[in-house]
Amino acid sequence: MNKFTTLTGIAAPMPLINIDTDMIIPKQFLKTIKRSGLGVNLFDEMRYDDDRNEIPDFVLNKPQYREAQILVAGDNFGCGSSREHAPWAIADFGITCVIAPSYADIFYNNCFKNGILPIALPQEQIDVLMKDAEKGANARMTVDLEAQTVTTSDGDVFSFEVDAFKKHCLMNGLDDIGLTMEKAASIDAFESQASQSRPWV
Amino acid sequence: MSPKTLYDKIWDAHLAHEADDGTCLLYIDRHLVHEVTSPQAFEGLRMTGRTVRAPDKTIAVPDHNVPTTLDRANAATMTEDSRIQVEALDKNAKDFGIHYYPVSDVRQGIVHIVGPEQGWTLPGMTVVCGDSHTATHGAFGALAHGIGTSEVEHVLATQTLIQKKSKNMKVEITGKLRPGVTAKDITLSVIGATGTAGGTGYVIEYMGEAIRDLSMEGRMTVCNMAIEGGARAGIIAPDEKTYEYCLGRPHAPKGAQWEAAMEWWKTLYSDDDAVWDKVITLKGEDIAPVVTWGTSPEDVLPITANVPAASDFEGGKVGAAQRSLDYMGLTAGTPLKDVAIDTVFIGSCTNGRIEDLRAAAAILKGKKIAVTRAMVVPGSGLVRAQAEEEGLADIFKEAGFEWRLAGCSMCLAMNPDQLAPGERCAATSNRNFEGRQGRGGRTHLMSPAMAAAAAITGKLTDVRELM
C-alpha cells in the first residue's frame, strides 16, 4: 500500500451531502477482477453524458480541478454499498485525501486500506475549506498526517482526529494482514478454546 | 458483573486479541462470499502465497451478476465481464476448497437469503461478507456486517477482522402494527426518523413488541436496512421463533450439539440494566405504509402524504432535496398517490423471501397489472420452488408478472435487469440512489404488499384501500 505522510495539492469542492458509493463508482464498473484502472470512471454518471462526452459543469471536468488530489464534500460521504471499488476509483484518479463532516463506516475503513486519508471535521470548518477549494488551482491545501492538521491556502490550520493504529499503518504503508498474522498464536488459542465451548460453529 | 448488551456479549465471545491501544481482533464464525467483491481478495492471497485459513467457515454463491431469465444456463445471456467474474468465483471456490452453490444449484440465490436458509447463520455468531446488506443476518442474534474487499482478504487469510468496538443503540418499536403495515415500513420509518447517518458508529438492537411479533423473514427485512441508517449492524435477540427457524436446517447443529447451542443462545439478550448510547422509540401504531420520494433511503413519507418541497428542509438537505426532486421528476405538493409507475420489482435480500411473495400474491390474486412491466425475482431457488408449490407463482404469472430465477437482479442492476432513463419503479429493494437501478431510473422503495398494489393501479397506492 502507498504511504500517506503529507500532501499539498488542489482540493475539489463537492458541496453535496450523502454522496453514495453508487455515485462514486456505478455498478457497471464493478465487473472487474482488478483493483486498478477505475479512475476514469470515478463519478461516471455525473461526469459523462449518454454519449460519453464530459459534462463541463462537473467539478472534476473543470480545468482547474482535473489534477485535484483532495476532495472536500458534504456529510455522510461514501454511504451505501461496501464496494471497495469506490476508494480504488478515487485513488486511481489521483485523490488521496477526502475531507467531509462525516463518513459512512465501511467506506471510511476501506480508505485506510488503499492509502487514502479520510478526514472528518466540523461543518463550520468544512465551510471554510469548501470556500478555499472553490478558489481553484491557485489555492492549494496542505494535509499533514503526522501533525494531524489541514492548512488552507490562507494559512488557517484545522486539527483532526485519527485512530492511532490506522495512522501508523497509513504513514508506513503497512499491510495489516501481515500484522495480524504476527498474532497467529492468539488466533490459534482462541480457535482451540472456541472449538470446545461452541463446537457447533 | 457489569450489565451487557447483546452486542457486548457477542463481541466478548469473539475477541481473539486486544492490543494496548484498544485495537481488537474479532474472530469470524461465518464468511459469506459473492462474485463481485471477492476476486481481488483471492488474487491477493495468490500473490502473497497465503491460503484460506478456515475454508469450512467460508461459503460462496454468485448472485449480483447472474441473469434471472429462464434461459440463463446459456452462457450467452451474460456479458463477458460478468461471465469472467462468475467463472472466477467458480475457480476460487474450487482452488481454495470453500463451500459453494453454483448458478446451476437449486440452492443458489442471494447470499443473504442462502446463508440463513442453509443454516449457516446461527445465533451468537459473527458473520461478515463483502456486501453491506450482511446486516440481514442480525435477525438471528448474530453480529453481522459488511466489509470491503481488503477486509475480505484479511478474513480469508486470518479468519479475523481488525475492529474497534461500536457504540450501542436501542431502537424500540412498541405495541402492535396496524393492518397493511409490515417490517419494511418499520425499517424505512426508522431511517426516516434517524436519517441515513443516524446510526453511524453504532450497532442497533431492535426490540419491542412489534419486533417480537415479526416472523424471522420480517426481522431479516428490518435488520437488512440497518446499514441504510448508517449502522454497522442491526441485531435482534433470538427467541423461540429463531430456534424454530434454525432447527433442522442443513448446517444447523443436531442432537447434543443443538442442546448445547440452545443453552448458550438463551443467554443472548441485553441485560435489563444495560447502558445504551442512543435510544429511539417508535410506536407501532403510528407507523403507516410508507414509500420513498427521493434518492436517499431517509426520504420516507406515509403514502397519504404529498411530495415535499426543498424548502421544507434545512442545511445541506435543501440542495439535496431539490436535486432529488429534479432527478425523480416530481413536483412539490403532488399527492404521492397520484405518482404513476411504469415498472414493479419484487425481490432482493430485503424482500425476496417466501413471506414477501405471499404478501404480494395476497394483494394480486385474481387481478391484472396496470404497469408496463412487472417482475418477481425470488431470493433463492428454494424460495422459488416453495412459491411454486404454494401456487404463488401462478398468481404472479396470471397477474402479468414475469416469474424469474434467483439473484440480486434489479436491486442493483448489475445483470441485464435495469431501468431505462426516466422509467419509474416501485421496488421492494433497499436503495433509491441516483442510477441505482439503471442510469436515470427512478426508484420508489416500499413493502411487497405496497409494490403489488402499485402494480394493480399503475400508481403509488395505499395498500389498505385494496385490502
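**Notes on the predicted two-chain model**

1. Starting at the chain boundary: A:Arg35 pairs with B:Glu153 in a salt bridge, and their closest N and O atoms sit 2.9 Å apart. Keep in mind that this is a predicted model. The rule finds nine salt bridges across the interface of chain B and chain A.

2. What about the rest of that interface? Contact involves 72 residues of chain B and 52 residues of chain A. Putting chain B and chain A together buries about 5,300 Å², with carbon and sulfur atoms giving 57% of that area.

3. Over all chains, the salt-bridge count comes to 38. One within chain A is worth a look: A:Lys113 and A:Asp176, with closest N and O atoms 2.6 Å apart. A:Lys113 is in the loop between α4 (105-112) and β4 (117-120) of chain A, while A:Asp176 belongs to helix α7 (residues 176-181) of chain A, so this pair ties together parts that are 63 residues apart in sequence.

4. Now for chain B, whose assignment gives domain 1 (6-163), domain 2 (167-286) and domain 3 (290-466). The C-alpha centres of domain 1 and domain 2 of chain B are 22 Å apart, and their contact takes 30 residues from domain 1 and 33 residues from domain 2. About 2,600 Å² is buried between these two domains of chain B, 65% of it from carbon and sulfur atoms.

5. On the domain 1 side of that contact in chain B, B:Leu6, B:Lys9 and B:Pro123 lose the most area to domain 2, together 23% of what that side buries. B:Lys9 also has a salt bridge with B:Asp271, at 3.2 Å from N to O. The count between domain 1 and domain 2 of chain B is one salt bridge.

6. On to the empty space. The whole structure has six cavities of 30 Å³ or more, and the largest of them holds about 220 Å³. It is lined by 22 residues, and B:His64, B:Asp131, B:His133, B:Leu412 and B:Arg436 are the closest to its centre. If you care about the chemistry of that lining, the largest cavity has eight nonpolar, 10 polar and four charged residues around it. Domain 1 (6-163) and domain 3 (290-466) of chain B each supply at least three residues to this lining.

7. The second largest cavity comes in at about 130 Å³. Its lining has 15 residues, and those nearest the centre are A:Ile17, A:Asn18, A:Met23, B:Thr295 and B:Ser324. Helix α11 (residues 316-328) of chain B gives the largest share of this lining, four residues. By class, the second largest cavity is lined by six nonpolar, four polar and five charged residues.

8. Turning to pockets, the second largest one has a volume of about 370 Å³. Of its 20 lining residues, B:Arg72, B:Ala73, B:Pro102, B:Val103 and B:Ser104 lie nearest the centre. Two elements of chain B, α3 (80-96) and α14 (381-389), are those giving two or more residues to the lining of this pocket. The class split for the second largest pocket is 10 nonpolar, three polar and seven charged.

9. Where does the second largest pocket sit relative to the domains of chain B? Both domain 1 (6-163) and domain 3 (290-466) of chain B give residues to its lining, so the pocket lies between them.

Methods:
Residues numbered from 1 in each chain as written. Chains lettered and ligands numbered in written order. Predicted model: local features only at pLDDT ≥ 70, side-chain atom pairs only at ≥ 80, totals over all residues. Heavy atoms only, no water. 1 Å grid on protein atoms, 1.4 Å probe; cavity = no way out; pocket = protein on both sides within 12 Å on 5 of 7 lines; lining within 4 Å. Points joined across faces, edges and corners; volume = space filled by probe spheres on them. Nonpolar A, V, L, I, M, F, W, Y, C, P; charged D, E, K, R; others polar. Domains from an automatic or database assignment. Contact = heavy atoms within 4.5 Å. Buried area = accessible area lost by both parts, 1.4 Å probe. Salt bridge = Lys/Arg side-chain N within 4 Å of Asp/Glu carboxyl O.
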